[in-house]
Amino acid sequence: MPGEADVVDAQQVLEAERAHLKGAREALRRMREHAESLSADAAGDWVSKQVLESLLDQRVRALADHPDTPLFFGRLDHRADADPGTGEDLPQAVHVGRRHVHDEEGLALVLDWRAPVARAFYQAGPREPMGVARRRRFGFDRGELTGFEDEPLDGRELGPSRLLTEEVERPRTGPMRDIVATIQPEQDVIVRAALPDTVCVQGAPGTGKTAVGLHRAAYLLFTHRERLGRSGVLIVGPNRAFLSYIASVLPALGEVRVDQATVDDLLGVPTGTEPLSTAALKGDVRLAAVLRKALWMHLDKPETGLLFVKGGSRYRIPADEIRELVSSLRGTTRYAAGRNTLAQRLAHRVLVQMEQRGEAPDDRVHDAVARSKAVKAVVDQVWPKVTPQQVLHRLLGDAEFLARAAKGLLDEEEQAALLWAKAPRSVRSARWTSADLALLDELADLIERTGSLGHLVVDEAQDLSPMQLRALGRRCATGSATVLGDLAQGTTPWAVRSWRDVLVHLGKEGEVTELTLGFRVPREVLEYAARLLPSVAPGLAAPQSLRAGTGALSVRRVRDVHDAAVTAVLEAQARDGSIGVVVADGRLADLAAVLEGNGVDHAVLTPEGVEGERVHLVPASLAKGLEYDHVVVAEPAEIVEAEERGLARLYVVLTRAVTSLTVLHRAPLPGALA
Ligand SMILES: Nc1ncnc2c1ncn2[C@@H]1O[C@H](COP(=O)(O)OP(=O)(O)OP(=O)(O)O)[C@@H](O)[C@H]1O
């Protein structure tokens, strides 16, 4: 029990910290006013003015004070003899927050959580205090300081942090929040991994993979602002609904310039569909070799030699020589660049002949020959211009061509499965499926190199096919990636079974690390869901939960699943937090009508996302990555039956709950859950 003196002391400390917060808020306001007062008029021309205006605008936005989020959440008091190892003096006390705030003299009032000195806030412990004598964590309510918690780092073991527990237990409402105040040491290691390092994170549901990926993006942007400002950082997620759920995390961390995309956004919107087994075959990495062969099969033997006429002179390059030139270039460059190089080489040979005849041709002549009709005709014949669509159209429509390209790579049955039942008449009328788009992207890169970004964060990566992973790997070929996922949550038939394979397909060397402590799902619920693990991912260890949450699970055998769902939603509405009702996609419309008929306000989650409403009706196929305080699952057996990896889908669905999970079933439950 704290004595009276301690309480008075604590009150004084709190007052002093509140005063510091007030001062920091005022300083931030001054920084923002200063940024607002800057004018882009000094720019020399219109374009520079636009660029400068947008930069200033970003700066002002980044300096926004969000009244609902604390400006700092921690404080480090360093030991007097602490040495930061940088040769500089370490300030005795620093407040750690979302961004740097300094006063008019340039003195730091709040230090950005990403600064090297702030690392100790996340990493220091009794065994390795990192120069810290005391770590202080602050409790906040809507931006107001409500309390604090001190951890002396003098060798004593630290108990669990009450503030961390409170943060993890706080009800979820609306979109995902940042976790900057409570990043855990094992998460921090991933967040602060160096820019060139590709990191691959296997993590059970709710272990913070998405959160860690987003914070790593923010960390890298802060630490390598200029470089990544030029090359770009991109977050790739499974669908728009998921991206809109995570969309506010980076802006809350002051990063307003990170793009988010689905694989479709990157590769194009599919216009066709196909059986899953065909899609899985098209996602197979062997297709990369088939496509390479198919593209280079477009090279042809020269029908004639080259005849170049200038004035009264004729210059000839025999067909044999052209054939040799082509074979020396074949495969050494991208396909499109090869066409250009061939034209240059042909021109060079013509110029050699000119010189042998005593002429003195210069560079202009060289260019004119390379661009001449005669050279172009030869190049077009032996090294024809092709588009990715033309090549794939031919490959999927022409059995003989496919057989040649796939020889030794795909067996006859596989080749037959790839061929269109009815080939579209023209390239333009072809309907491309999602799997085709990855193949087109591969071809596009064989023809012309795809540009690379500085860093890619790929979430739910376990669901991507090898060909899709290759497409993403191209987009960070000269950069690095953070790859996040859970093999147990792989629901596509082409989902990869090992992270090592994922890295190979991405074309990256990297570390595979694992997060095992869950921050979302209560222990009881997680243990229930984990009964499915031996069937969905036999090699994975059962996940651990930080959250005790007893009484969180309710499994009810009911007569009428719809009536029971209405009851369960009404029960949940009496409590705090968001509510998700998850059903097999096929049952969505019926349940929506029943909820409507019973006057339960709700919104149906679509692939585009959803706005407002406390109750969301969620098709099982879109539940991945989301979380709700209260989850009601209606008829699990239907979710399992709906798809090949239905048990994995059910595992995803059962692990969305933060506070309570209610399972309603009329049909028998899957064996492991019965
Ligand atoms: N260090 C932390 N402090 C507080 N909350 C955390 C922490 N790490 C994760 N969380 C919270 O746990 C929840 C789950 O995090 P997240 O969605 O990132 O997990 P995930 O591993 O991506 O889950 P899934 O595999 O189910 O998609 C989120 O609400 C997140 O804010």
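Visitor: What is the mean pLDDT of the protein chain?
Guide: The model is predicted: local features need pLDDT of at least 70, side-chain atom pairs count only at pLDDT 80 or more, and totals for chains, interfaces and linings use all residues. Residues are numbered from 1 along each chain as its sequence is written. On the pLDDT scale (the predictor's confidence in each residue, from 0 to 100), 97% of the residues in the chain reach 70 or more, and the mean is 91.

Visitor: What ipTM does the predictor give the complex?
Guide: The predictor gives two scores for the complex. The pTM is 0.90, and the ipTM is 0.98.

Visitor: How far apart are the C-alpha centres of domain 2 and domain 4?
Guide: The domain bounds come from an automatic or database assignment. Domain 2 has two segments, 186–269 and 451–518, whereas domain 4 is a single stretch, 306–380. Their C-alpha centres are separated by 46 Å.

Visitor: Are the residues of strand 8 buried or exposed?
Guide: Strands are DSSP runs of E, at least two residues long, and helices are runs of H or I, at least four, both numbered from the N terminus. In a regular strand, side chains alternate between the two faces of the sheet. In strand 8 (residues 233–236), Val233 and Ile235 are on one side and Leu234 and Val236 on the other. With buried taken as 20 or more other C-beta atoms within 10 Å of a residue's own, C-beta atoms being placed from the backbone, all four are buried.

Visitor: Which residue of strand 12 is the bridge partner of valine 233?
Guide: Two strands pair if DSSP finds at least two bridges between them. Strand 8 and strand 12 (residues 455–458) have four bridges and run parallel. Across from valine 233, the partner is histidine 455.

Visitor: Which residue of strand 9 is the bridge partner of isoleucine 235?
Guide: Strand 8 also runs parallel to strand 9 (residues 259–261), with three bridges between the two. For isoleucine 235, the partner in strand 9 is glutamine 260.

Visitor: Which helix supplies the largest share of the shell around the ligand?
Guide: The shell counts residues whose C-beta atom lies within 6 Å of the ligand. There are 23 of them, and Thr182, Gly208, Lys209, Thr210 and Phe519 come nearest. Domain 2 and domain 5 (523–673) each give at least three shell residues. Helix 4 (162–169) and helix 6 (209–223) each supply at least two, and the largest share, three residues, comes from helix 6.

Key:
A residue is buried if 20 or more other C-beta atoms lie within 10 Å of its own, exposed if 12 or fewer, and partly exposed in between; C-beta atoms are placed from the backbone.
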